[in-house]
Amino acid sequence: MTNKVAVMLGAAAFGLVASAASATTLDDVKAKGFLQCGVSSGLAGFSAPNDKGDWLGLDADFCRAVAAAVFGDGSKVKFTPLSAKERFTALQSGEIDVLSRNTTWTINRDTALGLNFAGVTYFDGQGFMINAKKLPGVNSALQLSGASVCVQTGTTTELNLADYFKANNLEYNPVVFEKLEEVNAAYDSGRCDVYTTDQSGLYGIRLTLTAPDDHVVLPEIISKEPLGPVVRQGDDQWFDIVKWTYYALLTAEELGITKANVEEMKSSTNPEIKRILGVEADTKIGTDLGVTNDWVVNIVKAVGNYGEVFENNVGAGSPLKIARGINALWTKGGLQYAPPIR
Ligand SMILES: N[C@@H](CCC(=O)N[C@@H](CS)C(=O)NCC(=O)O)C(=O)O
């Protein structure tokens with residue numbers, strides 16, 4: 001090979017590397033034709049496969065909403081089930097485009113792992129579940145001294161558990177597993193007295209136990225667990241798309257735009273509704289974000305508004321029947337609040 005050819009080939013190879021390195025997540029996702037979404041391996045209400053292998057839940061629907069924003073089609077998602085321990089590496093390595101897996105926003109995860117949290121799709125807190133038949137008379141976590149506690153590794157749960165028992169001078173014996181099915185099986189078989197995780201998770205897990213009615217969730221909430229989607233640091237456009245997908249879901253609920261009425265709402269005379277649905281002639285809101293101006297229409301058509309996603313997956317329309325509580329919109333006394341889409 002002549003030196004000149006070698007230099008040319010080298011330059012071409014460098015060009016390829018440089019263009020691959022500079023491709024944005026949005027470009028990559030569009031080129032693949034689908035969004036790769038990291039979810040839990042099967043937490044009812046958040047992300048769990050049904051008999052047909054379709055992923056159901058609030059976290060799964062959030063990914064469908066992002067896919068709808070990007071492609072105009074909420075079905076263009078592939079799901080990667082991840083344990084707590086695997087999840088951040090999967091995102092850092094580029095195996096997934098977004099992590100939507102009951103993941104708590106903490107300063108350590110936000111600053112030390114090269115990641116960004118795009119919002120809080122579910123405000124949660126850590127709780128305890130016990131088998132009331134096995135521990136009759138126990139109605140507070142403060143009565144759990146000496147208990148064996150099932151917990152999943154790689155979670156905030158493990159750390160909060162240690163803090164709580166230490167702060168209250170209680171003894172405990174942690175029984176730690178990496179996989180969800182191992183924790184569930186150990187607790188269900190009576191190997192541990194207590195199961196601890198996010199309270200929403202406890203309600204979902206209880207449904208999968210052999211005798212759900214034997215188990216009670218204790219009243220104490222021992223931590224703040226703001227759960228939300230996560231992206232890699234360093235790609236602001238992608239961060240914006242994921243963040244504003246969440247805000248679009250909230251804003252649609254605030255404005256009464258639903259899966260059933262979104263088409264009809266396009267002819268509304270309310271300027272705010274017209275703006276968010278992209279029907280104002282000169283709107284650039286969607287294109288400035290890197291998607292099309294009907295992105296919110298596509299999101300709501302795919303999954304409904306935030307309230308619909310909540311109720312269908314974890315609320316009244318689901319087996320979990322969790323009350324909206326602090327996850328209500330700010331206009332209804334809750335914490336869910338979106339900056340203006342304008
Ligand atoms: N929100 C907490 C806990 C999340 C978590 O992973 N909880 C377990 C509950 S046992 C879970 O969902 N596991 C699902 C899985 O591994 O697929 C965190 O971010 O660390």
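1. Starting in the middle of the sheet: Cys150 has Tyr195 as its bridge partner in S11. That contact belongs to the pairing of strand S9 (residues 147-152) with S11, which runs in the parallel sense over two bridges. Bear in mind throughout that this is a predicted model.

2. S11 has another partner too. Strand S8 (residues 126-131) pairs with S11 in the antiparallel sense, over five bridges. One residue pair to click on here is Gln126 with its bridge partner in S11, Asp198.

3. How many residues of S11 are buried? Five of the five, so the strand is largely enclosed by the rest of the structure. S11 (194-198) also turns up again at the ligand, as one of the elements giving two or more residues to the shell there.

4. On to the ligand. The shell around it counts 20 residues, with Ser41, Ala84, Thr104, Thr155 and Leu180 coming nearest. Besides S11, the elements that supply two or more residues are helix H6 (156-167), helix H7 (180-188) and strand S13 (225-227).

5. If you're thinking about the chemistry of that shell, the split by class is 13 polar, five nonpolar and two charged residues. Both domains take part: domain 1 (25-123 + 227-332) and domain 2 (126-223) each provide at least three residues to the shell.

6. About those domains: the assignment gives the chain two stretches for domain 1, 25-123 and 227-332, and one for domain 2, 126-223. Their centres, taken over C-alpha atoms, are 29 Å apart. Where they touch, 19 residues come from domain 1 and 15 residues from domain 2. On the domain 1 side, the touching residues are ten nonpolar, eight polar and one charged.

7. Now the packing. In soluble globular proteins, nonpolar side chains tend to be buried together. Here the largest nonpolar core has 66 residues, and Val66 and Ile299 have the most contacts inside it. Helix H3 (residues 58-71) is the top contributor to this core, with eleven residues.

8. Ile299 is worth a closer look. Setting aside its neighbours within four places in sequence, Ile299 is in contact with Ala65, Ala68, Ala69, Thr245, Ala248 and Leu249. There is also a second, separate core of 21 residues, whose members include Ala147, Val151, Tyr172 and Tyr195. That brings us back to the start, since Tyr195 is the bridge partner of Cys150.

Note on methods. Residues numbered from 1 in each chain as written. Predicted model: local features only at pLDDT ≥ 70, side-chain atom pairs only at ≥ 80, totals over all residues. Near = placed C-beta within 6 Å. Helix = DSSP H or I, 4+ residues; strand = E, 2+ residues; numbered from the N terminus. Nonpolar A, V, L, I, M, F, W, Y, C, P; charged D, E, K, R; others polar. Domains from an automatic or database assignment. Core = buried A, V, L, I, M, F, W, Y, C linked by C-beta atoms within 7 Å. Buried ≥ 20, exposed ≤ 12 C-beta atoms within 10 Å, placed from the backbone. Contact = placed C-beta atoms within 7 Å. Pairing = 2+ DSSP bridges.
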